[in-house]
Amino acid sequence: MAFNLHKEKYRSKVSEVVLGATKEEGGTRSHTLTVGGESTLPFLQFEGDIPNRPIAALEIWDVAPEDWNPCFDPYYKDVYDNTGAWARKCVDEFGADLVLLRLKGADPDGKDRSPEECANTVKEVLEAVSVPLIVIGCGKGEKDNQVMPLVAEVASGEKLLMGVAEQENYKSITAACMVHKHNLIAQSPIDINICKQLNILINEMNLDLNKIVIDPTIAALGYGLEYGYSIMERARLGALGGDRMLAMPMIGNVGYEVWRVKEANASEEEFPGWGQQEERAILWETTTAVALLQAGMDILVLRHPKALEVVKKNIDELMESNKYE
Amino acid sequence: MGLTGLEIFKQLPRTNCKDCGSPTCLAFAMALANGKASLDKCPHVTDEARENLDSASAPPIKLIKVGTGDQTVELGDETELFRHDKKFYHPTAVAILVSDQEDVEAKVNQIKELEFERVGLKFITDMVVVKNDSGDADTYKAAVEKAAALTDKALVLMAEDTGVMAKALEVAAGRKPLVYAATAENYEAMTALAKDKGCPLAVRGKGLEDTAALVEKVAALGYKELVVDTGERETSKVLADLTQVRRLAVKKRFRPLGYPTIAFTSKEDPLEEAAQATVYLSKYAGVVVMKTAEKQHILPLLSWRQNLFTDPQKPIQVEAKMYGVGDVNENSPLYITTNFSLTYYIVEGEVEASKVPSYIIAVNTDGISVLTAWAAGKLTGESIAAAMKKAEVEEKLAHKKVVIPGHVAVLSGSVEESTGGWEVLVGPREAAGIPKYAKANFA
Ligand code: B12
Ligand code: SF4
């Protein structure tokens with residue numbers, strides 16, 4: 001039988017989003033990072049372009065986390081109380097492409113920090129590192145609606161990636177991104193229709209489509225990962241098929257999900273059958289991330305420096321050309 | 001898919017004798033193409049035509065069996081490129097490599113310990129690959145014999161030298177191992193060996209096209225119990241090849257690649273190796289061969305396999321009813337959760353770990369998790385109260401306290417109301433907090 005490769009022809013491609021702005025562009029970053037732009041499924045360079053490699057962020061908090069696993073201590077303990085130093089360590093020492101700052105301290109049920117305090121932390125991190133920055137709120141909508149507009153303002157022009165906009169609560173953060181030229185994370189609960197709908201709503205407020213990154217909502221390995229995986233595959237096929245409202249790059253909070261689960265945290269003494277805890281946890285995070293890369297994830301948010309290292313190597317390998325001669 | 005009516009028609013006798021029940025050969029061909037008739041109805045087809053047509057109607061990826069007994073591994077027979085289109089049927093076999101130059105007994109025993117219980121399921125690795133690194137036939141035979149004696153898992157015999165392979169098959173052929181591999185250099189003898197012993201055979205080429213050509217040569221020798229290895233070892237090229245093989249088989253019915261695939265990790269660092277294996281498992285490998293046999297390296301991969309191969313249409317559920325964990329009595333605490341099997345088993349495990357005998361009611365949420373069910377209106381004060389009533393809690397328990405999941409603390413009031421005054425206790429958010437919670441409240 002005659003041999004012919006099977007190459008798909010897609011009608012469209014993923015939009016490109018530029019994170020960060022250099023001095024010339026009105027910000028203070030040393031460089032920008034572009035995500036998206038794929039014109040084929042993940043890493044299938046034999047039939048399309050992957051102009052920008054997926055990137056990996058490390059997650060930091062504005063307050064010292066009380067319940068992070070002790071296996072993080074050797075890496076972060078000395079910087080938990082110093083957000084700027086924490087950010088610097090992630091970039092300089094661990095090689096994060098960028099940093100995600102979670103404004104956990106704003107949580108009304110926690111430290112209840114004021115919008116001004118939060119904005120100051122953002123400034124501190126912007127001064128500490130020169131990579132583009134992702135900033136997300138504490139997750140409590142009302143408070144985030146007070147905090148994020150101020151964050152957007154103090155970081156005006158930096159082209160942050162800010163989050164999150166949800167179907168029930170997107171207006172205030174979208175407006176803030178519009179005014180101060182930031183990018184926005186649009187989060188939908190593993191539902192492709194809500195995902196599209198939210199993008200339409202945001203776009204109706206006049207935020208450009210190439211300023212939006214989709215958070216399709218993911219779960220950890222073993223805790224519903226496959227649902228997010230399949231939604232992402234469908235969204236990406238939709239994007240390639242020409243649906244502009246699904247054509248944004250995707251982001252996933254891998255570290256946040258993984259470090260909640262027992263398999264990451266339980267000690268070997270407690271579960272001898274599961275093997276050594278830290279490596280198991282690193283691989284729980286890595287496996288979640290690597291699986292999601294295969295579904296089209298463009299920005300991975302991780303926590304463990306070793307997971308970051310392994311995931312980045314995996315991306316390096318997958319970015320090697322696989323074009324057939 | 002498959003052949004068109006016209007293509008089938010060309011293979012028929014074209015006499016329009018009507019013995020098949022169709023008015024004409026063409027009508028019969030059309031019925032065949034639409035899956036509305038079976039070829040046996042025509043008594044006049046030639047053997048050659050039958051073979052052509054059978055192979056055209058065969059599944060796009062051949063089902064290949066390796067091993068014997070309960071540990072038989074079934075590979076291939078997939079029909080989809082994406083799990084959301086229907087589902088994936090035959091989970092990628094995870095195989096662990098043992099060299100004939102290492103302590104075979106130690107490694108095989110280590111492999112046997114890779115057994116995990118999770119969410120009510122047992123996760124295991126499927127195959128042991130015994131590799132001929134020594135170059136010596138007797139050493140290899142002894143290693144294979146030892147491995148075969150130590151485990152019932154399906155075996156893969158990995159030796160390029162047909163003399164070495166022949167010797168190992170003397171002791172292992174009965175186990176129906178996968179014979180690895182027929183190559184351009186040895187395929188005639190290797191195919192003869194595998195065929196003679198009735199063992200499945202891996203065919204390794206140099207790249208996709210070369211592999212397809214080699215498979216055709218092997219098939220021409222009359223053997224089709226095959227597994228395909230395109231010979232690539234770099235992550236991105238393997239991904240490309242696995243994707244092409246799957247697409248060509250499923251979308252083009254390209255027969256020379258209509259077999260399950262086998263992929264080998266090349267990374268030495270076990271964490272990088274596990275990441276590489278995750279790529280291959282996600283994207284279509286029939287078998288993935290790993291070197292590490294440490295529990296912490298294998299459990300994540302096996303968990304991902306379980307996730308990926310579940311039916312996306314039907315969440316796995318447990319029966320919606322009240323379960324007793326441990327030696328329960330009328331004073332035992334009562335927990336509420338959902339009947340999503342993942343959620344239920346996590347909670348059950350923690351309740352068990354709390355060492356306080358307890359009841360758990362799995363509320364019927366159509367098999368979805370706590371927050372999903374809450375957001376979908378399936379876990380409500382009323383549905384919880386109804387489930388409690390059905391479980392006859394008032395008759396079985398001497399107290400009126402019920403623990404609800406921390407994530408749905410907002411339901412407290414409505415549960416209290418719907419149950420007519422039960423005391424509602426809000427448990428921790430994550431089930432992992434249950435042992436501590438039980439100790440504080442029920443010990
Ligand atoms: C997978 C998933 C789905 C799958 C469902 C899979 C399934 N079979 O359940 C699908 C894609 C179908 C889905 C759909 C929806 N989902 Co959904 N989904 C998720 C996701 C990603 C993971 C859920 C999961 O499986 N978790 C694992 C299980 C084990 O968790 P669990 O049941 O909660 O159990 C834990 C605890 O609750 C606790 N626990 C459980 N029982 C008990 C009992 C006691 C006594 C105690 C103490 C503790 C305890 O222990 C467990 C482990 O710690 C989450 C987000 C996330 N990352 O968590 C969103 C999420 C739950 N979904 C959400 C939503 C909104 C929806 C939809 C309503 C969206 C829509 N289409 O409108 C639909 C509803 C579907 C419907 N109508 O049926 C929201 C809920 C928001 C909220 N806070 O209320 C979430 C949180 C996503 C988000 N951030 O927006 N979803
Ligand atoms: S029985 Fe065979 S030969 Fe006769 S009409 Fe049917 S298809 Fe044609």
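Select the interface between chain A and chain B. The contact (heavy atoms within 4.5 Å) takes 55 residues from chain A and 54 residues from chain B. The two chains bury about 4700 Å² between them, 62% of it on carbon and sulfur atoms. Buried area here is the accessible area (1.4 Å probe) that two parts lose on being put together, summed over both. Now colour B:Arg247, B:Leu271 and B:Gln296: these supply 14% of the area that chain B buries against chain A, more than any other three residues.

A word on what is on screen: this is a predicted model, in which local features need pLDDT of at least 70, side-chain atom pairs count only at pLDDT 80 or more, and totals for chains, interfaces and linings use all residues. Residues are numbered from 1 along each chain as its sequence is written, chains are lettered from A and ligands numbered from 1 in the order in which they are written, and side-chain values use heavy atoms, with hydrogens and water left out.

Next, pick B:Leu248. It is found in helix 9 (residues 235-252) of chain B. Helices (H or I, at least four residues) and strands (E, at least two) are DSSP runs, numbered from the N terminus. B:Leu248 counts as buried, because its relative accessibility is 2%. Buried means under 20% relative accessible area, exposed over 50%, partly exposed in between (1.4 Å probe, protein chains only). Leaving aside residues up to four places away in sequence, B:Leu248 touches A:Phe3, A:Asn4, A:Leu5, A:His6, B:Arg253, B:Phe254 and B:Leu257. Add B:Pro60: its C-alpha atom is separated by 9.0 Å from that of B:Leu248, with the two positions 188 residues apart along the chain.

Move to chain A and select strand 5 (residues 133-136). A:Leu133 and A:Val135 point one way, A:Ile134 and A:Ile136 the other way, and all are buried. Show strand 4 (residues 98-102) too: strand 4 and strand 5 of chain A pair in the parallel sense over four bridges. Pairing requires at least two DSSP bridges between the strands. A:Leu100 has A:Ile134 as its bridge partner in strand 5 of chain A. Helix 3 (residues 115-128) joins these two strands in a right-handed β-α-β unit. Right-handed means that, with the strands pointing away from the viewer, the path from the first strand over the helix to the second runs clockwise.

Add strand 6 (residues 161-165) of chain A, which pairs with strand 5 of chain A in the parallel sense over three bridges. Here the bridge partner of A:Ile134 is A:Leu161. The chain gets from strand 5 to strand 6 of chain A through helix 4 (residues 141-154), again a right-handed β-α-β crossover. Stay on strand 6 of chain A for A:Val164. The peptide bond from A:Gly163 to A:Val164 is cis, with omega near 0 degrees.

Select helix 2 (residues 83-93) of chain A: eight of its eleven residues are buried. Among them are A:Trp86, A:Lys89 and A:Cys90. Their cover includes strand 3 (55-61), helix 1 (73-76), strand 4 and helix 3 of chain A.

Last stop: ligand 2. The residues around it (a heavy atom within 4 Å) include B:Cys17, B:Cys20, B:Cys25, B:Cys42 and B:His44. B:Asn16 is also one of the residues around ligand 2. B:Asn16 lies in the loop between helix 1 (5-11) and helix 2 (25-33) of chain B, and has a positive phi of about 50 degrees although it is not a glycine.
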